[in-house]
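Hi everyone, thanks for coming. I'd like to spend a couple of minutes on a binding site, so let me put the structure up on the screen.

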Amino acid sequence: MLVSSKGLLLAAQQEGYAVGAFNTNNLEITHAIFRAAVAQRAPVLLQLSSGAITYAGIQFLSQIVRTGASSADVPAALHLDHGPDFDTVMLCLRHGFTSIMRDASKLPFDENVAEIRKVVGAAHAVGVPVEAELGRLVGVEDHVVVSEREQAMTDPDEAAAFVEATGCDFLAVSIGNAHGFYKGEPNLDFDRLQAIRDRVDVPLVLHGASGIPDHQIRTAIELGICKINIDTEIRYAFAQSVRRTLAEQPEQIDPRKILGPAIDGMQAVVERKIELFGSKGRA
Ligand code: G3H
Ligand code: ZN
């Protein structure tokens, strides 16, 4: 069933696990996420970036997720990922999204605060929670492109002031995590995460979680991460499966025979993450 992300993340915070937030762009990825969530009895977030919305159409894609949610007997939230502007937020609210991220992290602190306050005002008026980001993750996630020079870690004192000033419901942190494939072994700054946790009481969000070793994910959850975003590993499973199928069956033209195995491969990735995050059996 379709629910707000607020209850899902507060329950995760209380019980010490994290809810997976998986990006979708189409029917096949959405099927994979719901099948995994149902198989693992896990709450889940399905998140759409503005790139996904442009690609598939907001009506189509949000209805696909909504249809999946209404037939799955686990709680699922429909989330805007890295909302690029206020208009996109309003569009998603009008389409019944149950969770919003407005990413104004590239703006100076005061402008980020002002923008998130505006979004919180609009979203809370219709009962929808808001995720905001402070600090900047290096890497590429759809239209969010941040070079190593522009990367910025979240400052714990600023994080406290930011949450207080904006009234945001969840905070995405930059602690050495990165979007896309990691170059070398990621190395999360757990002292920084602990310091943020000590000063901020809303659920914390880890973006760019594809490729972070399991033991670091477990430590991040112990230190207060309640929502974990995964996109790249799902894309990789999809692409690998399609390549394999077409290599083995070069004459194959039936989309179901090409994409069906890809759904299975993506489902396996999502199920493994759900177990790792501790959200298995929480639905
Ligand atoms: O917002 C989406 C994510 O942060 C996904 O990051 O592609 O590195 O898994 P990823
Ligand atoms: Zn992200």
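**Around ligand 1**

Let's start with a side chain: an N or O atom in the side chain of H179 is 3.0 Å from an oxygen atom of ligand 1. Before I go further, please keep in mind that this is a predicted model.

Now to the backbone. At G208, a polar backbone atom is 2.8 Å from an oxygen atom of ligand 1. D231 joins in too, with a backbone N or O atom 2.9 Å from an oxygen atom of the ligand. And how much of ligand 1 does the protein bury? The ligand exposes 300 Å² when taken alone, and the protein buries 100% of that.

Stepping back a little, 16 residues surround ligand 1, and the closest are D81, G208, S210, D231 and T232. By class, that shell has 3 nonpolar, 10 polar and 3 charged residues. As for where they come from, strand 3, strand 9 and strand 11 each supply at least two residues of the shell.

So where does ligand 1 sit? Ligand 1 sits in the largest cavity. The structure holds 1 cavity of 30 Å³ or more, and the largest cavity has a volume of about 90 Å³. There are 16 residues in its lining, and those closest to the centre of the cavity are E141, H179, G208, N229 and D231. If you want to find the lining on the screen, look at strand 3 (76–83), strand 9 (178–179) and strand 11 (225–230), the elements that give two or more residues to it. By class, the cavity lining has 3 nonpolar, 10 polar and 3 charged residues.

That's my tour, thanks for listening!

Conventions
Residues are numbered from 1 along each chain as its sequence is written. Chains are lettered from A and ligands numbered from 1 in the order in which they are written. This is a predicted model: local features need pLDDT of at least 70, side-chain atom pairs count only at pLDDT 80 or more; totals for chains, interfaces and linings use all residues. Side-chain values use heavy atoms; hydrogens and water are left out. On a 1 Å grid over the protein atoms alone, a cavity is a set of points where a 1.4 Å probe fits but cannot get out, and a pocket is an open set with protein on both sides within 12 Å along at least five of seven lines; lining residues have an atom within 4 Å of a point. Grid points are joined across faces, edges and corners, and a volume is the space filled by probe spheres set on the points. Helices (H or I, at least four residues) and strands (E, at least two) are DSSP runs, numbered from the N terminus. Ala, Val, Leu, Ile, Met, Phe, Trp, Tyr, Cys and Pro count as nonpolar, Asp, Glu, Lys and Arg as charged, and the others, Gly among them, as polar. A residue is near a molecule or strand if one of its heavy atoms lies within 4 Å of it. A polar contact is a pair of N or O atoms within 3.5 Å; within protein, one must be able to donate a hydrogen and the other to accept it, and residues adjacent in sequence count only if both atoms are side-chain atoms. Accessible areas come from the Shrake-Rupley method with a 1.4 Å probe; for residues, only the protein chains shown count as cover. A molecule sits in a cavity or pocket if more than half of its atoms lie within 2 Å of its grid points.
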